Amino acid sequence: MTASRNAQEAVSHRRHLMARNTGTLLERRYAMLGVMLIAPTVVVFCAVIVYPLLSAIYLSFFSIFTPTLQGDFVGLNNYAELLSTGTFWSSLGTTLIWTVGTLSLQILFGVGMALVLHQNMWFRSLARSLILFPYFISTVVAVLVWKWLFNDLYGIMNHFLISLGIISFPMDYLGTMPNAMISVILVGAWKYFPFVVIAVLARLQTIPDQLYEAAKIDGAGPIARFFDVTLPQLRDVLVVIILLRAIWDFKEFDLIFLLTGGGPLNDTQTLPLLVYQEAFALNDMGNASAYAVMMMLIMLVFMLVYIRRTRSEEET
Amino acid sequence: MINGKTSAKGISRRTALKGLAASTALAATPFSIARAQSDVTLRWWSPQAAPAQVEAYQLQIANFKAATGIDVQFETTSDEGYAPQLAAAFSSGEVPDIVTHLPSFAVQSYYANGLIEPFNDVIDAIGADDYFPGANDVFRAADGNYCGTGIGNSAANMLWLRRDLMAAAGIDKAPETWDELRAAVSAMQTGGLFGAPLPYGRNSMTSLIFIGFIHQAGGQVFTPDLDVAIDNEGTRNALEFYREMREFCPPGATNYSWGESLTAFVSGATATGIYTGRVLANVNNQNPGIAEHVTCVRYPRISTDVAPWTFNDFPSVFIPAQSKNIEAAKQFGAFLFDPEGYIKQLHAAPGHVLPVLQSINNNPMYQDNDIIQRYSAEVELMAESAAGGFNLGYESAAHKSNEKAGEIIGSNVISELVQKVVINGDNADTALSDASMAIEAIVKG
C-alpha cells in the first residue's frame, strides 16, 4: 500500500517536473526569440548612440590632435579650462538667446498660421501644402536664398526698404549686432515654424465643435474662445512641441554657420559652432568633446522633462 | 566583342596622339607603375572646382587613364571646408590619394604631423630645374624634404582698378601708398558706387588679407624665429588704415569673404577690388562692358619705403601618407604638369592660377589665350608678384616655415582683431594684446 502510494507520488512528481521543464524550455525559446528580434535594434542603437556618446566622453579626457586622433590623457583639465574661460559661457548665452528667440517666433507664427489654415478658406489644401515648403527645403538652399535677400548691394530687402523711404542707405543684416542675431532668429523661425503648424493643425482638427458652440452660447467672442477653449486644448501638444523644438534649436548648426559663421566677433557663435571650431579649426578634438559633453548634459534636462511629460500623458 | 575596326572608330586621331604624348611623358617618370592597372582608382580632392577647371581636370584624368589604365575620381572640397574634411579623412584612414590647390601652410602642418608623403621624387620627375627660382622653398619642411609642390602661384591681393573711373575722378596714376589709395577711393566713391570691397567678416579672407596690410605697414605676425610679434607698430598702423577704409566699403563688407568681394568689383559696385587674376575671366564673362577698363597693380603700402607684400597661398599638390596607392598617386602628381593638361587647367581661370614652371610660362600654347594676351601686362605683373609672394606660413624669405599658420587662420583670431577695432571700436592696444595672447596659446598648443 505504502509502496504503491510512493510510486504514485514519484510518478506525479516526475510529471510535475516534466511540465515545469517543458514550460521553462518554451519560455526560454520565447525569450531567445525576443532577444533575437530585438538584437538588430540594440546593435544599431549601440552603434549610432551608445558608441559615439561613450567615445565623446572618453575623448574629452584627452588632449587630442584631430587629424591623427593622437594625444595625452589630461583628466578633467578640458572641463576645468572650459568652465573657467568666458568662451563657453558667452556661447551658452548666445545659444539660449537664439533658442528662446527663434522658438518663441516659431510658436507664434506656427499657432497663428495653423489657426488660419483651420478656417474654411479657398485653396486651403494648397495653402496647407505650400506652408510646409520652408521646412522641407534644404538648409543650404534656404540660407543661399536668404543671403541674397539680405545682400547689401543687390538684396531685395534693402531695395524694398529704400524704395519705401524707410531707410536711405543699405542695411547690414548679417555683419553687425543686433542685426545679425535678429536675422538669424527670423530665418530660423521661417525655416522651422511649419513643424509647429503641422502639429497644432492636427490637434485643432480634433477639438470638438460642441465646445465652441457652448462657448458661443455663453457669449464668448473669438478672442475669448481662443483663450478659453482653443489654447487649453492645445496645451499638451504645445508642451511637446516646445520641448522637441527646444532640443533641436539648441543644437542647430548649419543654418547659423552658413548665415554668419558665428560672427560678427563671437556674437552669433552658439555652442555647436564652438564645438566645430575647436574640433576642426583648432584641431583640438579633446576640448571639442568636452564642449559637446557639456551640451549633452544641458540637453539632458530638456530630455528628462520631455520623457517625464510623455510618461505622465501615457499614465493618464 | 571589340574588334580593331570598332576600336579605331572609337578613338580619333587627335585622341590617339594625345594618348601617345601622355604615354611618352609618363615613360619619362621614374615611378614603377605597371601599365593597365585597371583595378586602381585614385581619389583626387581640390577646392578649385569651377566648371571650366573641372573640365580641364577631366581631360587630365582621361589622358592619364589612356596612358596607364589607372582611373582617377575627382571630388570637390572647399576653401572653408577642406580642414574638417581632411581631418575626418586622416583620422578614419579613408584619405584621398592626391590633394591639390590647398595653401602651403596647410600642407606644412599636415607634414609636421606625419600625415603626408615626402614629395622630393615627384619634384624630380617634374623637373626641379624647370621651376621658377625658389618656387618650392615654401614647401621645404624642417627635415629638409619637400612636403608637396606648387601646382600654381596666386597673387591674391592685387589692387584692381578701373581706368574709366580713375579718369572720371581725375586720378592720373595708380595709387602706391595708403594715402594715395584713400584719396583715390574717396574721389571715386559716388552715389551707388563704393570705393573698395575690403573684407571685414569673421573668416579666413579677412585674416589672410589683413596679414598683407600688416606687412605693407612694415609689421609682421611672427619673427623669423617664429616668436609671436603681432603686437607691433605696423599692425597698429594697419588697423588704423583698415578702420579708415571702412567708410569706402559696402555696408555688408562686415560679412564679406572671397566670393562677395570678387562679385562687388566685377559687378561694378566698387571702384577697386582686391583679388587674384580670376577677376579677368569673370569681368569678361559677366560684365564685359568694363573689361577694357580693368587693370591691376600691387596693393599699396604705408609708404614707398616699405616693400610691397603679395599674398600667395601657394596652391599645392600633396599625397597623404595613408594613401594605398602612393606610387600611382606620385605618377599622377607628376602627370598633372604634363603641358597639355596643365595648360588647359591654367586656362580654365587665366591669371588666377599662374604657372610654376618656366617651360609652361614660355610655352606658346600657354600664351595662346585671349585673356592672357589681352591683359599680358597684368598677367606678367601677377606672375612676378606671386613669385615673390608670401603667406602666414612663410612670412618672408628669412622666416622659418610656420606649421601653426593653418590653426591661427582657422581660429579667426586675426579677423576678430579686425572686427573688434573696426566694428566694435575697441581699443587697438587691448585688442592687439588679446590677439597676441590667443596666438601664443595656439602656438603652445
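Which residues in helix 3 of chain B are buried? That was my opening entry, and I kept in mind that this is a predicted model.

**Helix 3 of chain B**

I went through the helix and listed B:Gln53, B:Ala56, B:Tyr57, B:Gln60, B:Ile61, B:Asn63, B:Phe64, B:Ala67 and B:Thr68 as buried. They take up an arc of only 165° around the axis, so they sit on the same side of helix 3 of chain B. I then turned to the face pointing away from that buried side, and there I found the exposed residues B:Pro51 and B:Glu55.

I also checked the length. Helix 3 of chain B runs over residues 51-68, which is 18 residues, and reaches 26 Å from its first C-alpha to its last. That is close to the 26 Å expected at 1.5 Å a residue. Just after the helix comes B:Gly69, and I noted its positive phi, near 80°.

**Helix 10 of chain B**

Next I tried helix 10 of chain B, residues 233-245. Its 13 residues reach 18 Å from first C-alpha to last, close to the 18 Å expected at 1.5 Å a residue. I wrote down its buried residues as B:Gly234, B:Thr235, B:Ala238, B:Leu239, B:Tyr242 and B:Met245. Looking down the axis of helix 10 of chain B, I see these fall within an arc of 135°, so they line one face of the helix. What covers them? I found that the cover includes helix 9 (204-216), helix 20 (413-422) and helix 21 (428-444) of chain B.

**Chain B as a whole**

I stepped back and noted 21 helices and eight strands in chain B. The C-alpha trace spans about 75 × 50 × 35 Å along its principal axes. A compact globule of 445 residues would have a radius of gyration near 22 Å, and chain B, at 23 Å, agrees with that. I have 54% of the 445 residues down as buried. For contacts between residues at least 6 apart in sequence, 78% join residues at least 24 apart.

**Two domains in chain B**

Chain B is divided into domain 1 (12-154 + 313-374) and domain 2 (158-311 + 401-444). I have their C-alpha centres 30 Å apart. Where they meet, 16 residues of domain 1 of chain B are in contact with 14 residues of domain 2 of chain B. Helix 5 (residues 104-112) of chain B gives the most to the domain 1 side, with five residues. I sorted that domain 1 side into nine nonpolar, five polar and two charged residues.

**B:Gly148**

Is B:Gly148 buried or exposed? I counted 30 C-beta neighbours inside 10 Å, so B:Gly148 counts as buried. This glycine is found in the loop between helix 6 (120-126) and strand 4 (149-150) of chain B. Leaving aside neighbours within four places in sequence, I found B:Gly148 in contact with B:Val107, B:Ile116, B:Phe119, B:Phe139, B:Ser316, B:Val317 and B:Phe318. I also looked up B:Val99, which lies 49 residues from B:Gly148 along the chain, with 9.8 Å between the two C-alpha atoms.

**Chain A and its contact with chain B**

Last, chain A. I noted domain 1 (2-59) and domain 2 (85-315), with C-alpha centres 48 Å apart. The contact between the chains takes 25 residues from chain A and 29 residues from chain B. On the chain A side, I sorted the residues into 13 nonpolar, ten polar and two charged.

Note on methods:
Residues numbered from 1 in each chain as written. Chains lettered and ligands numbered in written order. Predicted model: local features only at pLDDT ≥ 70, side-chain atom pairs only at ≥ 80, totals over all residues. Domains from an automatic or database assignment. Helix = DSSP H or I, 4+ residues; strand = E, 2+ residues; numbered from the N terminus. Expected span 1.5 Å × (residues − 1). Buried ≥ 20, exposed ≤ 12 C-beta atoms within 10 Å, placed from the backbone. Arc of directions from axis to C-beta. Rg over C-alpha atoms; globule rule 2.2 N^0.38 Å. Contact = placed C-beta atoms within 7 Å. Nonpolar A, V, L, I, M, F, W, Y, C, P; charged D, E, K, R; others polar.
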